[in-house]
Amino acid sequence: MSAPLPLVGEMSPAATIALAAGIGMAFGWTLERAGLGSAPKLAGQFYFTDFTVFKVMFSAIVTAMLGLFWLGWLGVLDLSSLYVPETHWMPQLAGGLLFGAGFVIAGLCPGTSCVAAASGRGDGALVMAGMFSGVLLAGLLAAPIRDFYDGPTPGGLTLPQFFHLPYGIVVCAVVAMALTAFALAGRWERRA
Amino acid sequence: MPRRSSDPYADPYLAGIGLGVVLLAAFALAGRGLGATGAFASSAAGLVARIAPARAAASPVFARYLAGAGPWSEWLLFELAGVVAGGFLSALAAGRLRRAVERGPHIGRGGRLALAFAGGGIMGGGAVLARGCTSGLALTGGALLSAGSWLFMIAAFAGAYALAPALRKAWR
Amino acid sequence: MGAARVSSHRLLASVAALAGVLAAVAGSPAPRERPAVPASRTGVDVTRLAAAVAHEKDHITALELAEWIRGRRPGLRIIDLRSSGDFDTYHLPRAENLSIESVVSTPFRPDETVVLISDGGAHAAQAWVLLQTLGHRNVYLLRGGLGEWLAEVMNPVLPVNASPEATAAFRRASELSRYFGGVPRNAPAVPSQPDATAVQRRGC
């Protein structure tokens, strides 16, 4: 009666490692193909000259979101067994702002910094080193702000649950917003 | 900018769809999406645990990586190793493999490297607070319609756009 | 931008738009409605039921359930009898949310293994009796309810000064716990109540 996917329960540790590495390779390959291993290209997003970041990110989100919805609807993928990141309102708001600031300073995010470094870019390697240092420091200094960091959480809260809307309606709304934004980005680029 | 002898970049929409398919495959095969932060956090946890195990256990950030099979068995470590390999192979195939420090036209190498490190550090702090980054929250959580992930995504774009004018010299 | 590229973009956008609109129409990937089963079974074999309870054949432990889930036991149906609000806050992977009134009219097949879960186990035990009287044999309950799942699987605790057997058992439980994204830990100075909000998984 249960859906055939996800497969993870049936795999040996070695197969799990191979799967993780394989997925990572496809991820890294695709990012590099799109040019997201190049910091000046990424930074262009924030000066309205190069919308690649936005286009890649939201095409990916829409594709995966639609895929999840329909595979779930077909009963092929068991959505309830997927890991949904937990929602932590204040830490994710504050963390997001901080992350964005760091992103425009560095020109690369953690994933793309690995791609840049792998392509031979020294700046990519420095972003990775900075990221590691920042995580290390944050981890060591987190204990005093434990209550802020680890406060009560609604867990894996989703937008349909939050807005009390059917899953499909939210999916449709996100698709509509993304397509509109893509059209606007195209218009913006043609003007520039 | 890619050199004339290297391939042009892929169309962003097609690359994005490809990325979405990879993400979907991750869900379907492994029951989880992509990520990067966890790899950094897990290795940091492992490092601190070697040097000062009490500090590691006392940290609400590191403690979660020390349970069970331990920080060096973290799924994301292997995934990120794959990202490095995949990025390398693609750059190699496209003729984009070269030692360089990519930067804006009006900043020096040293300045760029300093900003790269500083930006990375700030992102590290933000990613720890948010429990993720663009890969794990924006992409993965975004596709799953996670409320906190969407909030993170909007906040990250806002933070970047807000600071961009101050950083013109670095990029323009 | 070439014409071919523009038209392929338009095609992709149309496909996405169609998939989105159909999603709105489809609403939710929820399980389809099941036909009601006639509630005309009679003959409650009280002796058999009492024996099953006395010989502990009516329930399974949380760790056993965790093994069944991870091992993808065929025909496993996990029925969560709590309110939908509680279910939305946290539920076991692959769990289905049914009220006790719906569960008695749900047509379980003989090859399905039904596991009933409620907060403390009382509703689950009551539903167990009801399903058994309807003739369903392959039904079990989680005797300690969701609390047992959280304590044994999600947040197993290694007590201070644990014996070697307890430590070995904790290690096995930890492995299962990690699979489900739980947080095995050593006993804290002050024992705490397991609660659904303490459930954490490795992040991203």
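**Exercise 1. The sheet of chain C**

Find how strand E1 (residues 59-60) and strand E5 (residues 139-142) of chain C pair, and over how many bridges. Then work out the strand order of the sheet.

*Solution.* A reminder before we start: this is a predicted model.

Step 1. Begin with the two strands in the task. E1(C) and E5(C) pair in the parallel sense over 2 bridges.

Step 2. Look at the residues facing each other. C:His59 stands opposite C:Leu141, and C:Ile60 stands opposite C:Leu142.

Step 3. Now turn to another partner of E5(C). Strand E4 (residues 113-117) of chain C pairs with E5(C) in the parallel sense, over 3 bridges. Within this pairing, C:Val114 has C:Val139 as its bridge partner.

Step 4. Follow the chain from E4(C) to E5(C). The path goes through helix H6 (residues 122-133) of chain C, and this β-α-β crossover is right-handed. H6(C) lies across E4 and E5 of chain C and runs at about 175° to E5(C).

Step 5. Put the strands in order. The sheet of chain C is open, has 5 strands with parallel pairing, and reads E1-E5-E4-E2-E3.

Step 6. Check the edges. E1 and strand E3 (95-97) of chain C each have a single partner strand, so one side of each is left without a neighbour in the sheet.

**Exercise 2. Two helices of chain A**

Test whether the span of helix H3 (residues 52-73) of chain A agrees with 1.5 Å a residue, and do the same for helix H6 (residues 122-141) of chain A. Then decide how enclosed H3(A) and H6(A) are.

*Solution.* Take the helices one by one.

Step 1. H3(A) has 22 residues, and at 1.5 Å a residue these should span 32 Å. The expected span is 1.5 Å times one less than the number of residues. The end C-alpha atoms of H3(A) are 31 Å apart, which agrees.

Step 2. Repeat for H6(A). The 20 residues should span 28 Å, and the end C-alpha atoms are 28 Å apart, so the two agree.

Step 3. Now count buried residues; the cut-off is 20 or more other C-beta atoms within 10 Å of the residue's own. In H3(A), 18 of the 22 residues are buried, so H3(A) is largely enclosed by the rest of the structure. In H6(A), 14 of the 20 residues are buried, and therefore H6(A) is also largely enclosed by the rest of the structure.

Step 4. See what follows H3(A). Just after this helix, A:Gly75 takes a positive phi of about 80°.

**Exercise 3. Chains A and B as wholes**

Describe the secondary structure, the extent and the burial of chain A, then those of chain B.

*Solution.* Start with the elements.

Step 1. Chain A has 9 helices and 0 strands, and its elements run α-α-α-α-α-α-α-α-α from the N terminus on. Chain B also comes to 9 helices and 0 strands.

Step 2. Compare the extents. Along the principal axes, the C-alpha atoms of chain A fill a box of roughly 50 × 50 × 35 Å, while the C-alpha trace of chain B spans about 50 × 40 × 30 Å.

Step 3. Add the burial. Of the 192 residues of chain A, 59% count as buried; of the 172 residues of chain B, 62% do.

Step 4. Finish with contacts at a separation of 6 or more. Residues 24 or more positions apart account for 62% of these in chain A and for 55% of these in chain B.

**Exercise 4. Where the chains touch**

Work out how many residues of chain B are in contact with chain A, and how many of chain C are.

*Solution.* Treat each interface in turn.

Step 1. On the B side, 112 residues of chain B are in contact with 108 residues of chain A. Several helices of chain B each supply at least two of those residues, among them helix H1 (12-30), helix H5 (75-94) and helix H6 (109-130). By class, this side of chain B has 73 nonpolar, 28 polar and 11 charged residues.

Step 2. On the C side, 32 residues of chain C are in contact with 29 residues of chain A. Helix H1 (3-26), strand E2 (76-80) and helix H4 (84-89) of chain C each supply at least two residues. H1(C) gives the most, with 10 residues. By class, the side of chain C that touches chain A has 16 nonpolar, 9 polar and 7 charged residues.

Methods:
Residues numbered from 1 in each chain as written. Chains lettered and ligands numbered in written order. Predicted model: local features only at pLDDT ≥ 70, side-chain atom pairs only at ≥ 80, totals over all residues. Contact = placed C-beta atoms within 7 Å. Helix = DSSP H or I, 4+ residues; strand = E, 2+ residues; numbered from the N terminus. Nonpolar A, V, L, I, M, F, W, Y, C, P; charged D, E, K, R; others polar. Buried ≥ 20, exposed ≤ 12 C-beta atoms within 10 Å, placed from the backbone. Pairing = 2+ DSSP bridges. Right-handed = clockwise from strand over helix to strand, strands pointing away. Axes fitted to C-alpha atoms, helices over the stretch in contact; angles between N-to-C directions.
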